[in-house]
Amino acid sequence: PTATQAEAAGPAEASAETIPAGTYFGRTHGGPVHVVDGIYLPVVSAAGDAPPAEGSVEASLAWLRAQGGWGARAAERLGPDNDFLLDLDLSDTSGGGKVAGGKIGPEAAMHVARALADNRVLTSLNLGDNALGAEGAHHLARALTTNLLLTEVVLSGNGLDDASKAVLTSAWG
């Protein structure tokens, strides 16, 4: 694609290489995939396909994919095609943050939580040293009531107040 096409496609598409359907690293893909930062993402046709319903898991996975590196990794591991990757590390040790303007905040937490509630594979989630805050904690708490596979959740360094900690403890308890 030209530079203008790559910019218009967004961060996840700009550096993507498209490869045909097939089996890569033991995983079968029924359609073409983009390889973004070593992550295999299904190609989603912009023309003719209805957008995912607002508030759906599919919409959250699409939002995450559009964020590029960290979001694409989250979408791959939280999505329905993951049947073997057990952990998701989105901790921010960079000091600069994983999202524009800072760290993973409440909006990103909402999308991660929405997909996490439906996930039946992950056993470990690390969101340490981000900026989830009370709103992000409440999103995650809702997911923790339905996701019974997680055995480890790291949320240190997120500025959670006592009320948020209590909500999370109650939800996971």
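**Group meeting: a walk through a predicted model**

Let me begin with N147, which is found in the loop that connects α6 and β8. Please bear in mind throughout that this is a predicted model. N147 is a buried loop residue, because its relative accessible area is 1%, against a cut-off of under 20%. What does the side chain of N147 reach at 2.9 Å? The partner is the backbone oxygen of L116. A polar atom of the N147 side chain also lies 3.0 Å from the backbone nitrogen of L149. Leaving aside residues up to four places away in sequence, N147 touches L116, A117, N119 and R120.

I turn now to the chain as a whole. There are 173 residues, and 43% of them are buried. The secondary structure amounts to 7 helices and 8 strands. If we take the contacts between residues at least 6 apart in sequence, 61% join residues at least 24 apart.

Next, the helix that comes before the loop of N147. Helix α6 covers residues 133-144, which is 12 residues. From its first C-alpha to its last, α6 reaches 16 Å, close to the 16 Å expected at 1.5 Å a residue. Which residues of α6 are buried? They are G133, G136, A137, H139, L140, A141, A143 and L144. These buried residues pack against three elements: α5 at 106-118, β8 at 152-154 and α7 at 162-172.

Helix α5 deserves the same attention. With 13 residues, α5 reaches 19 Å between its first and last C-alpha atoms, close to the 18 Å expected at 1.5 Å a residue. Its buried residues are A108, A109, H111, V112, A113, A115 and L116. You will recognise L116 as the residue whose backbone oxygen is reached by the N147 side chain. As for the cover over the buried residues of α5, it includes α3, α4, β7 and α6.

One of the buried residues of α5, H111, takes us to S60. S60 is part of helix α3, residues 57-66. Is S60 buried or exposed? S60 counts as buried, because its relative accessibility is 0%. Its side chain and that of H111 are joined by a polar contact of 2.9 Å. The two residues are 51 apart along the chain, yet their C-alpha atoms are separated by 4.8 Å. Setting aside residues up to four places away in sequence, S60 touches H111 and R114.

We now come to the sheet. Which order do the strands of the 3-stranded open sheet follow? The order is β6-β7-β8, and the pairing is parallel. β6 and β8 stand at the edges with a single partner strand each, so one side of each has no neighbour in the sheet. On average, neighbouring strands of this sheet are turned by 5 degrees against each other, direction ignored. As a general reminder, strands of a sheet pair through backbone hydrogen bonds, in either a parallel or an antiparallel manner.

Strand β7, residues 124-126, is joined to β8 by 3 bridges, and the two run parallel. L125 belongs to β7, and its bridge partner in β8 is V153. L125 counts as buried because its relative accessibility is 2%. Apart from residues up to four places away in sequence, L125 touches L88, L116, L150, E152, V153 and V154. Among these contacts is L116, which N147 also touches. The C-alpha atoms of L125 and E152 are separated by 6.3 Å, although the residues are 27 apart along the chain.

Finally, the charged pair. How many salt bridges does the count give? The count comes to 1. In this salt bridge the side chains of D87 and R77 meet, with 3.0 Å from N to O. D87 sits in strand β6, residues 87-89, and R77 in helix α4, residues 69-78, so described as a link between distant parts of the chain, 10 residues apart. The two partners are exposed to differing degrees: D87 counts as partly exposed because its relative accessibility is 39%, whereas R77 counts as buried because its relative accessibility is 17%.

To close, I return to the starting point. N147 lies in the loop between α6 and β8, and its side chain reaches the backbone oxygen of L116, a buried residue of α5. I thank you for your attention.

Terms used: Residues numbered from 1 in each chain as written. Predicted model: local features only at pLDDT ≥ 70, side-chain atom pairs only at ≥ 80, totals over all residues. Heavy atoms only, no water. Helix = DSSP H or I, 4+ residues; strand = E, 2+ residues; numbered from the N terminus. Buried < 20%, exposed > 50% of the residue type's maximum accessible area, 1.4 Å probe, protein only. Polar contact = N/O pair within 3.5 Å; in protein donor to acceptor, adjacent residues only side chain to side chain. Contact = heavy atoms within 4.5 Å. Expected span 1.5 Å × (residues − 1). Salt bridge = Lys/Arg side-chain N within 4 Å of Asp/Glu carboxyl O. Pairing = 2+ DSSP bridges. Axes fitted to C-alpha atoms, helices over the stretch in contact; angles between N-to-C directions.
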